[in-house]
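Here is a short note for someone meeting this structure for the first time. Please read the points with the model open beside them.

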Amino acid sequence: MPRSVPYADRGVTINSPPTPTGVPVAIMTRFDYDMTMNGVRIADLKSRLSEHLRKVRGGSSLTILHRDMPIARIVPWKTGNGSLKVRAPLPGAPKLQRVPLPPPIPLRGDIVKLLMEERQGDR
């Protein structure tokens with residue numbers, strides 16, 4: 001028999017059949033999903049990057065969304081996890097400011113037109 005369960009801290013009341021854990025399925029599913037997938041849209045990530053990175057440093061994972069579709073994930077770094085190794089520069093290597101840039105690639109056509117086509121391609 002369904003029972004009314006108040007969840008004052010979440011601001012909802014759910015009519016749900018009892019479950020083994022005592023938590024209504026609707027509440028358990030809804031809030032477990034939010035805890036598992038912390039999705040953030042690209043614009044929000046760009047505008048509040050420092051805040052999101054603090055969450056990642058605290059152990060949370062972020063899923064980056066492009067139009068509500070997951071495209072990437074930012075996860076906390078674990079020591080010894082991965083192949084990134086920082087090493088000292090080789091003896092005699094020039095300082096980074098002194099490394100010459102490669103020459104620009106000659107382009108034919110209007111770069112602004114190409115950029116606009118790329119940005120509006122999937123709209």
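Where is Arg-67 found? The answer is in point 3, after some remarks on confidence and on the sheet.

1. Confidence. This is a predicted model. The average pLDDT of the chain is 76, and 66% of the residues reach at least 70. Two stretches need care. Over residues 1–12 pLDDT stays under 50, and the model has 27 contacts beyond four places in sequence for this stretch. Residues 27–35 also have pLDDT under 50 throughout; here the model has 9 contacts beyond four places in sequence. Where pLDDT is low, the predicted coordinates should not be read in detail.

2. The sheet. An open sheet is formed by 3 strands, in the order 3-4-5, with mixed pairing. Its edges are strand 3 (39–41) and strand 5 (69–74), each of which pairs on one side only. From one strand to the next, the twist averages 35°. Strand 4 covers residues 62–66. Strands 4 and 5 run antiparallel and are joined by 5 bridges.

3. The loop between strand 4 and strand 5. This loop is where Arg-67 is found, and Asp-68 is found there too. Arg-67 has a positive phi of about 55°, although Arg-67 is not a glycine. Asp-68, likewise a residue other than glycine, has a positive phi near 65°. For background, most residues other than glycine have a negative phi.

4. Are these two loop residues buried or exposed? Arg-67 has a relative accessible area of 51%, so it counts as exposed, the cut-off being over 50%. Asp-68 is exposed as well, because its relative accessible area is 52%.

5. The nonpolar core. Which residues make up the largest nonpolar core? There are 5 of them: Val-40, Leu-45, Val-56, Leu-62 and Ile-64.

6. Ile-64. This core member stands opposite Ala-72 in strand 5. Leaving aside residues up to four places away in sequence, Ile-64 touches Val-40, Ile-42 and Leu-45, and also Met-69, Pro-70, Ile-71, Ala-72 and Ile-74. Val-40 and Leu-45, both touched by Ile-64, belong to the largest nonpolar core too. Ala-72 is thus named twice for Ile-64, as the residue opposite and among the residues touched.

Technical notes. Residues numbered from 1 in each chain as written. Predicted model: local features only at pLDDT ≥ 70, side-chain atom pairs only at ≥ 80, totals over all residues. Heavy atoms only, no water. Core = buried A, V, L, I, M, F, W, Y, C linked by side-chain atoms within 4.5 Å. Buried < 20%, exposed > 50% of the residue type's maximum accessible area, 1.4 Å probe, protein only. Contact = heavy atoms within 4.5 Å. Pairing = 2+ DSSP bridges. Helix = DSSP H or I, 4+ residues; strand = E, 2+ residues; numbered from the N terminus. Axes fitted to C-alpha atoms, helices over the stretch in contact; angles between N-to-C directions. pLDDT = per-residue confidence, 0-100.
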